[in-house]
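Here are a few exercises on a protein and its ligand. Grab your viewer and try each one before you read the solution.

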Amino acid sequence: MSLDGRTALVTGGSRGIGRAIVEALAADGAKVAFVYNSNSDAANAVVDSLKEKGFDVMAIQADVRSKEAAEKVVSDVVEAWGSLDILVNNAGIIRDKLLLQMEPQEWQDVIDTNLTSVYNFCQSAMRQMVSQKYGRIINMSSVAADVSNPGQANYAASKGGVEGFTRCIATEVAKRNITANAVAPGFIETDMTVAVVAAAGNEIKKKIPARRLGQPADIANAVLFFAQESSSYVTGQVLKVDGGLTLGGM
Ligand code: NAP
């Protein structure tokens, strides 16, 4: 297994895409810690199912919006396992509303959860990665950074920010054997999209050249590529994983 001996931290690992990432990293040999916010039943289910398979996994409750919490999570992981090799900033929310109706809190919650969290965790993890001269950072963006939908000004701003941030930090640490990349999912079946799928599932499929919605494992496979030691010459990139949704021409 190629991640044997590696340690990983995934934010928002209790459900959806994050859970699939935790499972993929663990199955590839990494010890995996993940952060969740409030759904401890979901977090415990992930831990139980992976421990049953003999994997080394731990769940940590923390709010990714807090810098202090991020610092504590990173130091707890390093204290437990002696290193932090892979960081996946996956936690995210939507609070869709047309701009004319968007409350300041709906703007701030999305920016803090999706973008400030990435600053929080990258800065803490990067200190450790610089000292160990190795690191793989993967940040979760969205095709919404590029493709405009009404009602998503807060979300699009947060994900556009994640992509610019990722390119910038990639240049800062490339010579230290640390890469930073982003994955931009299209339409993936998770709790986040359940209402839209229920309302317009088949209409959405018609817009996707692959003619299916993505599954969390589709995103985990892309994350796994960036998490490997062998992807060391790939940095500052955004990989769209969207079944062709953003190719146009349909
Ligand atoms: P999801 O099913 O709603 O899961 C969200 C995860 O983030 C949960 O584990 C949740 O923890 C955690 N989380 C949310 N706020 C948090 C906070 N303040 N502190 C700590 N953890 C927090 O979402 P998803 O669909 O898997 O999306 C994962 C990522 O992919 C997000 O960044 C999202 O923007 C991105 N994405 C998703 C899609 C899609 O179609 N689903 C498309 C493009 C991009 P709890 O369980 O405790 O609530």
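A polar contact here means a pair of N or O atoms within 3.5 Å. Keep in mind that this is a predicted model.

**Exercise 1.** Find polar contacts between the ligand and Gly12, Ser14 and Asp63.

*Solution.* Start with the backbone: a polar backbone atom of Gly12 is 3.3 Å from a ligand oxygen, which is within the 3.5 Å cut-off. Next, go to the side chain of Ser14, where an N or O atom lies 2.7 Å from an oxygen atom of the ligand. Then switch to a nitrogen atom of the ligand: a polar side-chain atom of Asp63 is 3.0 Å away. To finish, check the cover: the ligand taken alone exposes 900 Å², and the protein buries 95% of that.

**Exercise 2.** Describe where the ligand sits and what surrounds the ligand.

*Solution.* First, the site: the ligand occupies the largest pocket. Helices α1 (16-27) and α5 (153-173) are the elements that give two or more residues to the shell. Now look at the residues: there are 32 around the ligand, and Ser14, Ser38, Asn90, Tyr155 and Thr190 come nearest. Sorted by class, the shell splits into 12 nonpolar, 15 polar and 5 charged residues.

**Exercise 3.** Work out the fold order and decide how compact the chain is.

*Solution.* Count the elements: 7 helices and 7 strands. Walk from the N terminus and you get β-α-β-α-β-α-β-α-β-α-β-α-α-β. The radius of gyration is 17 Å, close to the 18 Å from the globule rule for 250 residues, so the chain is as compact as a globular protein of that length. As for extents, the C-alpha trace spans about 45 × 35 × 35 Å along its principal axes.

Note on methods. Residues are numbered from 1 along each chain as its sequence is written. This is a predicted model: local features need pLDDT of at least 70, side-chain atom pairs count only at pLDDT 80 or more; totals for chains, interfaces and linings use all residues. Side-chain values use heavy atoms; hydrogens and water are left out. A residue is near a molecule or strand if one of its heavy atoms lies within 4 Å of it. A polar contact is a pair of N or O atoms within 3.5 Å; within protein, one must be able to donate a hydrogen and the other to accept it, and residues adjacent in sequence count only if both atoms are side-chain atoms. Accessible areas come from the Shrake-Rupley method with a 1.4 Å probe; for residues, only the protein chains shown count as cover. On a 1 Å grid over the protein atoms alone, a cavity is a set of points where a 1.4 Å probe fits but cannot get out, and a pocket is an open set with protein on both sides within 12 Å along at least five of seven lines; lining residues have an atom within 4 Å of a point. A molecule sits in a cavity or pocket if more than half of its atoms lie within 2 Å of its grid points. Helices (H or I, at least four residues) and strands (E, at least two) are DSSP runs, numbered from the N terminus. Ala, Val, Leu, Ile, Met, Phe, Trp, Tyr, Cys and Pro count as nonpolar, Asp, Glu, Lys and Arg as charged, and the others, Gly among them, as polar. The radius of gyration is taken over C-alpha atoms; the globule rule is 2.2 Å times the number of residues to the power 0.38.
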